[in-house]
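Colleague: I've got a few "how do you know that" questions before I trust this one. Can you walk me through it?

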Amino acid sequence: MSARSSSRRLLAPAGVIALVALMAVAPGVMGSAYWYAIFTTVIINVLLATSLRTIFLVGRISLGHVGFMLVGAYGSALLSMRVGWPLWATIPVAALMAAAVALIVAYPFLRVAGVYFAMLTLLAAETLRLVAFNWKSMTGASFGLSGIPGPGPLHIPLLGAIEFGRVDRYYYLALLVVVPSLLVLYLLERSDLGLKWRAIRDGEPLAQSVGVPVMTYKMANFVIACFFAGLAGALYAHGQRGLDAEATSRFGALMSMYLVVYMVVGGEGSFLGPAVGATLLTLISQLANSAKEYQPIVVGVIAILATIAMPDGIAGGAGRAWRRWGPAAARAKPREVEHAGAGDS
Amino acid sequence: MDVSPQLLWQSLINGFALGWLYILMALGLSLIFGITRIMQFAHGEIYMVGGYVVYLFSVSLHLNLYLSILLAMVIVGAFGLLLYYGLFKRFSGQMVNPIIISVGLTLILQSAMIVTFGLSQRNLPRLAQGHFTVLGSPVPQDRILVIGVSFVLVLALYVALKKHRYGQAMVASVQSPEGALLQGISHVRMGAISMFLGSALAAAGGGLAGSVFQLTPFMGNQPLIKGLVIIVLGGLGSIPGVVAGGIMLGVLDGVMPVVIGSGWAAIIPLVIVMIVLIVKPTGLWGYER
Amino acid sequence: MPALETRSLSKWFGGLTAVDGVDLDVDPGEILGLIGPNGAGKSTTLGLISGFLPPSAGQVLLDGTDVTGHPPHRLASRGLARMFQQNVLFGSCTVYDSVQIGAHLQAVGSGPRAVLRALAGRRRASVAHDVWNALDFAGLADDADTLATSLPHGKKRLLGLAITLAGRPKVLLLDEPVTGMNADETRTMLGIVSRLRDERGMTLVLVEHNMEAVMSICDRICVLNFGRRIAYGTPAEVSDDPAVIDAYLGVGTDDFVNL
């Protein structure tokens with residue numbers, strides 16, 4: 001690591017721990033069990049939006065992220081229902097299934113330019129949804145899949161059993177999966193692999209000519225991101241206890257677009273940006289339940305305004321403001337402040 | 001394979017008609033992208049909105065269906081112009097921002113239609129009642145009319161691009177932006193025309209689909225994807241290519257679900273696209289600058 | 001054994017033949033200039049050699065090994081590097097980070113285990129040494145913390161060079177290295193190029209329009225016209241060659257007058 005890494009500032013560990021602690025107690029503070037379900041949805045969306053951003057690190061946008069969520073969801077549900085495996089097995093295996101599907105499509109998809117890649121991911125997700133929708137024998141077709149088991153009790157010797165089946169306990173289980181996942185994604189981004197990904201995004205021919213096997217790295221990126229989408233899907237399935245693959249469902253094209261909005265509104269330039277966007281927008285949509293039909297309109301307007309007014313999103317804009325007017329800028333020489341302002345891209 | 005010839009024949013005709021609707025979508029997308037370098041991911045919603053506008057004219061106002069379609073083409077085309085000047089033009093050539101704009105538009109338009117018209121499907125008046133008899137089998141007249149109307153529209157576009165000065169400039173611009181500037185027509189104006197024409201074509205498609213099939217707020221999703229598949233297969237900037245690709249895809253979509261079941265049939269476009277991309281992805285990065 | 005060799009290298013696009021049976025052999029430690037009027041096929045040839053364009057026919061050999069059709073990253077692991085014509089850089093990185101990316105092969109190596117190493121964040125300790133080495137050579141050591149995008153044009157080109165140097169290539173392809181530079185910057189760049197040959201024994205192939213530059217530092221020159229090789233020899237031989245004079249006078253005399 002160089003003396004001053006230009007890419008991202010290190011997230012202060014203390015701040016992160018505080019954040020995680022906050023997320024852990026927040027639903028409890030709110031009162032009713034209802035909040036646990038909401039927050040479960042929030043952190044699932046956070047994982048989805050953050051893993052979507054991983055793909056963005058190589059300069060691609062996937063409009064089909066929910067397709068891999070679907071593979072993870074149905075995979076885990078079916079493995080637990082038809083084959084009888086416990087959740088601690090079905091969830092990771094289902095995520096691997098999502099990664100496997102990603103691997104199959106990765107090569108042809110990543111060969112083409114960014115715009116076409118985006119539309120191909122859309123195609124893939126819709127195809128997966130239609131397969132789930134039509135495969136009556138496996139997925140219950142239009143009636144959906146119901147009765148997905150929750151997690152069984154965890155037996156700890158001498159302490160008895162911890163039930164994870166209740167909605168509040170499930171939240172903690174989900175948190176136990178999501179937080180380490182985010183940690184992994186963060187470490188990846190800061191690793192040499194992440195650096196090479198960004199090099200591919202910023203100057204692919206140059207990266208190639210210094211020896212980076214670009215296709216391999218892009219495929220690794222896509223497969224890893226889709227693994228976590230599958231993981232999120234599996235968490236979703238066992239929390240909801242039911243799945244359906246309607247066009248209006250969680251797995252419709254619209255939801256993929258929501259994820260992109262979460263990423264952009266929160267700020268695609270920083271690691272926590274998508275998390276911020278996902279949290280804010282998910283909470284808003286869950287709370288404003290009365291005006292449910294109007295939500296997409298509001299979200300759509302926010303997305304468009306965000307693109308036009310704030311190219312870096314909320315987190316990015318806040319970061320820029322902090323660098324420009326915060327304590328460090330006050331101490332720096334004028335030229336450095338100029339650089340700080342121009343530092344984002 | 002116990003499918004009656006009757007059913008097969010019906011699905012073939014259906015598929016053919018469907019194919020032409022896809023062609024209308026794909027041509028618009030291709031034109032817009034070829035000239036402005038913006039992939040209008042909300043194009044499916046334009047198609048859908050077009051269908052509902054036709055509904056307003058033909059059902060609520062009791063106007064003649066064909067007249068309604070024509071009016072819808074003009075109005076939706078103008079809407080496309082508005083979107084271009086207001087939203088898309090400033091992001092010409094970029095990838096990320098137009099996607100976000102398109103996403104936002106999709107959310108807004110789909111929900112606006114759900115709020116206004118509800119989720120249940122509606123129907124437009126039939127283009128025609130009755131059947132022709134071809135080779136002893138009945139062929140619904142409205143399917144034939146869909147094919148006919150679409151063909152006329154596509155032909156009109158083809159002629160306009162070949163003969164008209166603006167059209168020639170637009171074709172040249174798809175190959176190289178500098179060439180068109182030599183003709184003295186600004187890039188912005190060509191972008192606007194492409195948005196107008198593309199949206200108008202999509203609206204016509206939506207209206208025809210609403211008559212032969214049905215109107216739902218989600219009817220734009222599949223045609224958008226099929227349009228994208230056709231561009232991958234048929235290439236950018238080639239009307240014959242899009243027509244060929246559209247008919248082929250439409251027929252597959254019409255016939256395959258009957259023959260091998262809708263589950264398996266859904267995978268076919270994806271598999272075809274993947275094979276094409278592995279074997280011959282030319283023209284897909286050839287146009288990227 | 002030539003460091004770089006091409007045999008009947010050709011490329012056609014549909015009906016258009018861009019490169020037609022070009023033979024090159026570059027000795028180790030030699031600087032070869034590749035010149036020709038506009039559209040002669042110089043950049044295409046460079047693209048063929050560097051693995052960015054698959055040849056339609058012919059061979060490319062690196063140190064005697066056939067590397068025809070190999071992708072750029074595999075050529076890099078064999079010691080071939082390329083500096084690009086437009087300023088392709090890693091926009092959001094500092095100068096130091098950019099060059100560090102250039103040291104990819106030194107950092108992580110090649111082959112399947114390289115990806116795992118990159119994942120684990122393990123980087124060979126010698127990388128910092130390679131990076132500073134490259135920065136010093138290009139004269140950018142003081143700019144290590146500057147953002148690549150805020151460098152002036154001349155320094156951006158030097159950065160492009162430094163990035164490739166970090167990978168310790170044996171053969172370096174330079175695509176119009178001094179185009180768009182003023183006299184001072186040109187002199188700096190040419191000085192560095194000569195030093196690469198003299199001090200490091202690097203083999204270089206140079207595509208350039210600036211005739212003075214080409215004539216001053218190249219050991220041999222290959223002249224292309226319409227995709228074909230029309231002359232191949234020392235600067236003195238080539239500047240007297242009637243075929244070369246003819247090729248340039250036919251298109252435009254500005255390039256040639258600079259001799």
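What follows is a chat about the reasoning behind some labels used for this predicted model.

Colleague: What makes helix α1 (residues 42-49) of chain C largely enclosed by the rest of the structure?

Modeller: Being buried takes 20 or more other C-beta atoms within 10 Å of a residue's own. In that helix 7 of the 8 residues are buried, so it counts as largely enclosed. The buried ones are C:Lys42, C:Thr44, C:Thr45, C:Leu46, C:Gly47, C:Leu48 and C:Ile49. Just after the helix, C:Gly51 has a positive phi of about 85°.

Colleague: How do you know that β6 and β7 of chain C are paired strands?

Modeller: Pairing needs at least two bridges found by DSSP. Here 4 bridges join strand β6 (residues 80-83) to strand β7 (residues 171-175), and the two run parallel; because the cut-off is at least two bridges, they pair. C:Leu80, for one, has C:Val171 as its bridge partner.

Colleague: And which way do the residues of β6(C) point?

Modeller: C:Leu80 and C:Arg82 go one way, C:Ala81 and C:Met83 the other, and all are buried. In a regular strand the side chains alternate between the two faces of the sheet.

Colleague: What puts C:Ala162 among the residues that touch the most other members of the largest nonpolar core?

Modeller: That core holds 279 residues, and C:Ala162 shares the top group with A:Leu70, A:Ala98, A:Val260 and A:Val261. The core also takes at least three residues from each of domain 1 (1-79 + 169-259) and domain 2 (89-168) of chain C. Leaving out residues up to four places away in sequence, C:Ala162 touches C:Val99, C:Ala134, C:Leu135, C:Ala138 and C:Leu140. To be in contact, C-beta atoms must lie within 7 Å.

Colleague: What makes up the side of chain A that touches chain B, by class?

Modeller: The contact takes 39 residues from chain A and 39 from chain B. On the chain A side, α5(A) gives the most, with 14 residues. By class, that side has 31 nonpolar, 5 polar and 3 charged residues.

Colleague: Where is confidence lowest and where highest among the elements of chain B?

Modeller: Chain B has a mean pLDDT of 84, and 92% of its residues reach 70 or more. Helix α7 (residues 177-182) is the low point at a mean of 61, whereas helix α3 (residues 65-88) is the high point at 94. Over residues 283-289 of chain B the pLDDT is below 50, and that stretch has 10 contacts in the model beyond near neighbours in sequence.

Technical notes:
Residues numbered from 1 in each chain as written. Chains lettered and ligands numbered in written order. Predicted model: local features only at pLDDT ≥ 70, side-chain atom pairs only at ≥ 80, totals over all residues. Buried ≥ 20, exposed ≤ 12 C-beta atoms within 10 Å, placed from the backbone. pLDDT = per-residue confidence, 0-100. Contact = placed C-beta atoms within 7 Å. Core = buried A, V, L, I, M, F, W, Y, C linked by C-beta atoms within 7 Å. Domains from an automatic or database assignment. Nonpolar A, V, L, I, M, F, W, Y, C, P; charged D, E, K, R; others polar.
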